[in-house]
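Biologist: I'm new to this one. Can you walk me through it, beginning with the ligand?

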Amino acid sequence: MPPWLSLLSSAQRKEAKFDSSNWIQLATIGTDNTPRVRTVVFRGWSKSLEMLIYSDNRSQKFDELAFNNNVEICWLFFKSKCQFRFRGMSTIDLSKEKLRHWDKLSEKSKSMWNWPCPGKHFVIDQLNDISFNAKQDISNNFAILKIEITQVDQLVLRKPVHIRRRWIRKNEWIEERINP
Ligand SMILES: Cc1cc2nc3c(=O)[nH]c(=O)nc-3n(C[C@H](O)[C@H](O)[C@H](O)COP(=O)(O)O)c2cc1C
């Protein structure tokens, strides 16, 4: 178990009643080498402790990740006045687990993967066509990103001095206290 996981879980528990406690900022590198960032939902951990994110494989981020799969994730816990930053590498889950994740989604959530292509020009008729089937087969657009975490940076705002720690994964996790 990575040493930072219990700290993260404790911050999550304190804010569990807010939907926003699972909103994280995923940063990628654009195909023009400039930064991109967007909010996504944290969907849990895989068995080998990769961070899981559901997404639409037609969205821009997939071109960016094919170009460079290094990512950073920023996760703010406002009650704990605490920020975690995760560095890692993203891969796309092609395992059978994908179907299990899809089945956990509500029918309304599933329908989002049949929306018109993200980021393309808005056409009103396309939006009217969106159907809410009672039982939807797994969409070809549904993708799960698995982020293998290689470094974690935690900052806790405290008086009189903030606390900052960093964990780097070598063979095992190495913890270092660093200046805030
Ligand atoms: C609260 C919130 C949660 C979101 N959750 C997700 C998510 O889980 N997965 C996702 O791909 N996009 C999610 N989005 C949309 C993304 O922020 C973004 O607009 C979309 O993924 C397209 O990004 P891209 O063009 O950089 O690929 C969410 C947006 C908000 C505001």
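Modeller: Sure. This is a predicted model. The ligand takes up the space of the largest pocket.

Biologist: Which elements give two or more residues to the shell around the ligand?

Modeller: They are strand S2 (35-41), strand S3 (51-56) and helix H2 (60-67).

Biologist: And which of them gives the most to that shell?

Modeller: S2 does, with 4 residues.

Biologist: Names, please. Which residues are around the ligand?

Modeller: Start with Trp23. Then come Arg38, Thr39, Val40 and Val41. Tyr54 and Ser55 are there too. Ser59, Gln60 and Lys61 complete the list.

Biologist: How does that shell split by class?

Modeller: It has 4 nonpolar, 4 polar and 2 charged residues.

Biologist: Now the polar contacts. How far is the polar side-chain atom of Lys61 from an oxygen atom of the ligand?

Modeller: For Lys61 the distance is 2.6 Å.

Biologist: What about Val41, which part of that residue faces a ligand oxygen at 2.9 Å?

Modeller: The backbone. An N or O atom of the Val41 backbone lies 2.9 Å from an oxygen atom of the ligand.

Biologist: And Ser59, backbone or side chain?

Modeller: Side chain. A polar atom there lies 3.5 Å from an oxygen atom of the ligand.

Biologist: How much of the ligand's surface does the protein bury?

Modeller: The protein buries 60% of it. The ligand exposes 620 Å² when taken alone.

Biologist: Let's turn to the pocket. What volume does the largest pocket have?

Modeller: About 360 Å³.

Biologist: Which lining residues are closest to its centre?

Modeller: Of the 16 that line the largest pocket, those are Tyr54, Ser55, Asp56, Met112 and Trp113. Tyr54 and Ser55 are also among the residues around the ligand.

Biologist: Which elements give two or more residues to the lining?

Modeller: S2 and S3. The largest share, 4 residues, comes from S2.

Biologist: And the lining by class?

Modeller: The count is 8 nonpolar, 3 polar and 5 charged.

Biologist: Last topic, the whole chain. How many helices and strands does it have?

Modeller: It has 5 helices and 8 strands.

Biologist: In what pattern, read along the sequence?

Modeller: It goes α-β-β-β-α-β-β-α-α-α-β-β-β.

Biologist: What does the C-alpha trace span along its principal axes?

Modeller: About 55 × 40 × 30 Å.

Conventions:
Residues numbered from 1 in each chain as written. Predicted model: local features only at pLDDT ≥ 70, side-chain atom pairs only at ≥ 80, totals over all residues. Heavy atoms only, no water. Near = heavy atom within 4 Å. Polar contact = N/O pair within 3.5 Å; in protein donor to acceptor, adjacent residues only side chain to side chain. Areas by Shrake-Rupley, 256 points an atom, 1.4 Å probe, with all protein chains shown as cover. 1 Å grid on protein atoms, 1.4 Å probe; cavity = no way out; pocket = protein on both sides within 12 Å on 5 of 7 lines; lining within 4 Å. Sits in = over half its atoms within 2 Å of the grid points. Nonpolar A, V, L, I, M, F, W, Y, C, P; charged D, E, K, R; others polar. Points joined across faces, edges and corners; volume = space filled by probe spheres on them.
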